[in-house]
Amino acid sequence: MTQKKNNITLIGMPGAGKSTVGVVLAKMLGFHFLDSDLLIQEKTGRLLHELIREHGDAQFLEIENRVNAGITVSRTVIATGGSAVYGAQAMAHLREISAVVYLKLPEECLEERLGDLRERGVVMGAGKTLRDLMDVREPLYEKYADVTMDVGQADIREAAQSIASWVNGDGAQLRIG
């Protein structure tokens, strides 16, 4: 990573393990850890699902974009919310300050991990399914990612170790996006 890009941003669907892998990765690299969903909650004083319920999807996405575009950190693993890729300004900023890693998980694995998507604070239109959400988001994840890692068969430590190896320049295990 270049000096300007001394952070790592994890993107992917809800339930892909961004926060969990991010904490372990930060420990491995000696980096800080930032969960952008928690940052949004801290800055607004509201839980994500409350923001979505009170303001609607579009307004929530504006808040998320603004908060993510304002992240200024160094030597930090940033775990984003799954909808972060809807914010072009935020993603341009995150790509400027970090290497972006897409944690890709098959639909059947996501279904096993996820409960009620709306209670989780997931932005998705009325009547939409997980598959619908994946169809919209996956091209965006691929567009913004510097690298894609299929985490379907990896445990948390293996995923973090693969990303750490890639960051350190010896990560042939990752599939380049």
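1. Let me start with a single residue: aspartate 155 counts as partly exposed, because its relative accessibility is 43%, and that falls between the 20% limit for buried and the 50% limit for exposed. Please keep in mind throughout that this is a predicted model. Aspartate 155 sits in the loop that links strand E5 (147–150) to helix H7 (156–167).

2. What does the side chain of aspartate 155 reach? The partner is the backbone nitrogen of arginine 157, at 3.2 Å. Aspartate 155 also has a neighbour from another part of the chain worth looking up: its C-alpha atom and that of valine 21 are separated by 9.0 Å, although the two residues are 134 residues apart along the chain.

3. Valine 21 leads us on to a helix pair, since Val21 is one of the residues of H1 that meet H7. In general, two packed helices are described by the angle between their axes and the distance between the axes. For helix H1 (residues 18–29) and H7, the angle is about 50° and the axes are 9 Å apart. The two helices are therefore oblique to each other, as an angle of about 50° is neither under 35 degrees nor within the 65 to 115 range for roughly perpendicular. The crossing of H1 and H7 is right-handed.

4. If you would like to display the contact itself, select Thr20, Val21, Val24, Leu25, Met28 and Leu29 on the H1 side. On the H7 side they meet Ile156, Arg157, Ala159, Ala160, Gln161, Ile163 and Ala164. By type, the residues of this contact divide into 10 nonpolar, 2 polar and 1 charged. Arg157 in this list is the residue whose backbone nitrogen is reached by the side chain of aspartate 155.

5. A second helix pair makes a good companion to the one above. Helix H3 (residues 48–69) and helix H4 (residues 88–97) have axes that come within 8 Å and cross at roughly 20°. Are H3 and H4 roughly parallel or roughly antiparallel to each other? They are roughly parallel, because the angle of roughly 20° lies under the 35 degrees that mark this class. The crossing of H3 and H4 is left-handed.

6. The contact of H3 with H4 involves Asn65, Asn68 and Ala69 from H3, which meet Ala88, Gln89, Ala90, His93 and Leu94 from H4. Its residues divide into 4 nonpolar, 4 polar and no charged. Asparagine 65, in helix H3, counts as buried because its relative accessibility of 16% is under 20%. Not counting residues up to four places away in sequence, asparagine 65 touches Gly87, Ala88, Gln89 and Ala90.

7. Elsewhere in H3 we find aspartate 57. This residue is partly exposed, with a relative accessible area of 27%. Leaving aside neighbours within four places in sequence, its contacts are Ile52, Val123, Met124 and Gly125. The C-alpha atoms of aspartate 57 and valine 122 are 9.1 Å apart in space, while the residues are 65 residues apart in sequence.

8. Serine 36 is worth a view of its own. It belongs to helix H2 (residues 36–44) and counts as buried, because its relative accessibility is 0%. A polar atom of the serine 36 side chain lies 3.3 Å from the backbone nitrogen of glycine 81. With neighbours within four places in sequence left aside, serine 36 is in contact with Asn68, Ile71, Ala79, Thr80 and Gly81. Asn68 in that list is also one of the H3 residues that meet H4.

9. One backbone angle deserves a look. Most residues other than glycine have a negative phi. Arginine 75 has a positive phi of about 50° although it is not a glycine. You will find arginine 75 in the loop between H3 and strand E3 (76–79), where the residue is partly exposed, with a relative accessible area of 42%.

10. To finish, here is the chain as a whole. The secondary structure comes to 7 helices and 5 strands, and from the N terminus the elements run β-α-β-α-α-β-α-β-α-α-β-α. Of the 177 residues in the chain, 50% are buried. Among contacts with a separation of 6 or more, residues 24 or more positions apart account for 73%.

Key: Residues are numbered from 1 along each chain as its sequence is written. This is a predicted model: local features need pLDDT of at least 70, side-chain atom pairs count only at pLDDT 80 or more; totals for chains, interfaces and linings use all residues. Side-chain values use heavy atoms; hydrogens and water are left out. Helices (H or I, at least four residues) and strands (E, at least two) are DSSP runs, numbered from the N terminus. Buried means under 20% relative accessible area, exposed over 50%, partly exposed in between (1.4 Å probe, protein chains only). A polar contact is a pair of N or O atoms within 3.5 Å; within protein, one must be able to donate a hydrogen and the other to accept it, and residues adjacent in sequence count only if both atoms are side-chain atoms. Axes are lines fitted to C-alpha atoms, for helices over the stretch in contact, and angles run from 0 to 180 degrees between N-to-C directions. Angles under 35 degrees count as roughly parallel, over 145 as roughly antiparallel, 65 to 115 as roughly perpendicular and the rest as oblique. A crossing is left-handed if the near helix is turned anticlockwise from the far one by less than a right angle, and right-handed if clockwise. Contact means heavy atoms within 4.5 Å. Ala, Val, Leu, Ile, Met, Phe, Trp, Tyr, Cys and Pro count as nonpolar, Asp, Glu, Lys and Arg as charged, and the others, Gly among them, as polar.
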